[in-house]
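The following exercises concern a predicted model. Each sets a task and is followed by a solution in steps.

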Amino acid sequence: MSVQKLTLLAFYTTISLAVYAIESALPPLVPFPGVKPGLANIITLLVLRRFSAKEASLVLTARILLSTLLFGQALSLFYSLAGGFLSLAAMVLLQ
């Protein structure tokens, strides 16, 4: 992997993490806990369109791990990984 590609993926991860931070500060839209619009997945979709599913999964995994470390609880890691990879699978199938 080239340095330029790695830098771009780190940039996309940072943007995705910032979008997640803004989204987590918003009040809940529905009365169910843990339900979010998933706006950070827009960045995953951009990475999928520009690169491949492998790079999109790297950005998705990095974002989920960092967001769990910074904003979440340990149990939310499993729910976030499951939801993130299911949405990535849907994106790949629709692409």
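**Exercise 1. The salt bridge**

Which side chains meet in a salt bridge, and what is the N to O distance? Place both residues in the structure and state how accessible each of them is.

*Solution.* Step 1. The side chains of E55 and K5 form the salt bridge, at 2.8 Å from N to O. The structure holds one such bridge.

Step 2. E55 belongs to helix α3 and K5 to helix α1 (residues 3–25), so the pair ties together parts of the chain that are 50 residues apart in sequence.

Step 3. Accessibility is judged by relative accessible area, where under 20% means buried and over 50% means exposed. E55 has a value of 6% and is therefore buried. K5, at 25%, counts as partly exposed.

**Exercise 2. Packing of α3 and α4**

Determine the relative orientation of α3 and α4, and describe the residues that make their contact.

*Solution.* Step 1. Two packed helices are described by the angle between their axes and the distance between the axes. For helix α3 (residues 53–70) and helix α4 (residues 74–94), the angle is about 160 degrees and the axes are 10 Å apart.

Step 2. Because angles over 145 degrees count as roughly antiparallel, α3 is roughly antiparallel to α4. Their crossing is right-handed.

Step 3. On the α3 side, the contact is made by A53, A56, S57, L60, T61, I64, L65 and T68. On the α4 side, S76, L77, S80, L81, G84, F85, L88 and V92 take part.

Step 4. Sorted by class, the residues of this contact are ten nonpolar and six polar, with no charged residues.

**Exercise 3. Two phenylalanines of α4**

Compile the helix, accessibility and spatial relations of F85 and F78.

*Solution.* Step 1. F85 lies in helix α4. Its relative accessibility is 33%, so F85 counts as partly exposed.

Step 2. Apart from neighbours within four places in sequence, F85 is in contact with S57, L60 and T61. The C-alpha atoms of F85 and T61 are separated by 8.7 Å, and the two residues are 24 residues apart along the chain.

Step 3. F78 also lies in helix α4. With a relative accessible area of 57%, F78 is exposed.

Step 4. From F78 to T68, the C-alpha to C-alpha distance is 9.7 Å, while the separation in sequence is ten residues.

**Exercise 4. Two packings that involve α2**

Describe how α2 packs with α1 and with α4, giving the geometry and the residues for each pair.

*Solution.* Step 1. The axes of α1 and helix α2 (residues 41–50) come within 9 Å and cross at roughly 160 degrees. The two helices are therefore roughly antiparallel to each other. α1 passes α2 in a right-handed crossing.

Step 2. From α1, the residues L8, L9, Y12, I15 and S16 meet I43, V47 and R50 of α2. This contact divides into six nonpolar residues, one polar and one charged.

Step 3. Turning to the second pair, α2 and α4 pack at an angle of about 40 degrees, with 11 Å between their axes. That angle makes α2 oblique to α4. The crossing of α2 and α4 is right-handed.

Step 4. Here N41, T44, L45 and L48 of α2 meet S87, L88, M91 and V92 of α4. The contact of α2 with α4 has five nonpolar and three polar residues, and no charged ones.

**Exercise 5. A glycine in a loop**

Where is G72 placed? State its accessibility and its distance from L48.

*Solution.* Step 1. G72 is found in the loop between α3 and α4.

Step 2. The relative accessible area of G72 is 36%, so this residue is partly exposed.

Step 3. G72 and L48 are 24 residues apart along the chain, and their C-alpha atoms are separated by 25 Å. L48 is one of the α2 residues that meet α4.

Technical notes. Residues numbered from 1 in each chain as written. Predicted model: local features only at pLDDT ≥ 70, side-chain atom pairs only at ≥ 80, totals over all residues. Heavy atoms only, no water. Axes fitted to C-alpha atoms, helices over the stretch in contact; angles between N-to-C directions. Helix = DSSP H or I, 4+ residues; strand = E, 2+ residues; numbered from the N terminus. Parallel < 35°, antiparallel > 145°, perpendicular 65-115°, else oblique. Left-handed = near helix turned anticlockwise from the far one by under 90°. Contact = heavy atoms within 4.5 Å. Nonpolar A, V, L, I, M, F, W, Y, C, P; charged D, E, K, R; others polar. Salt bridge = Lys/Arg side-chain N within 4 Å of Asp/Glu carboxyl O. Buried < 20%, exposed > 50% of the residue type's maximum accessible area, 1.4 Å probe, protein only.
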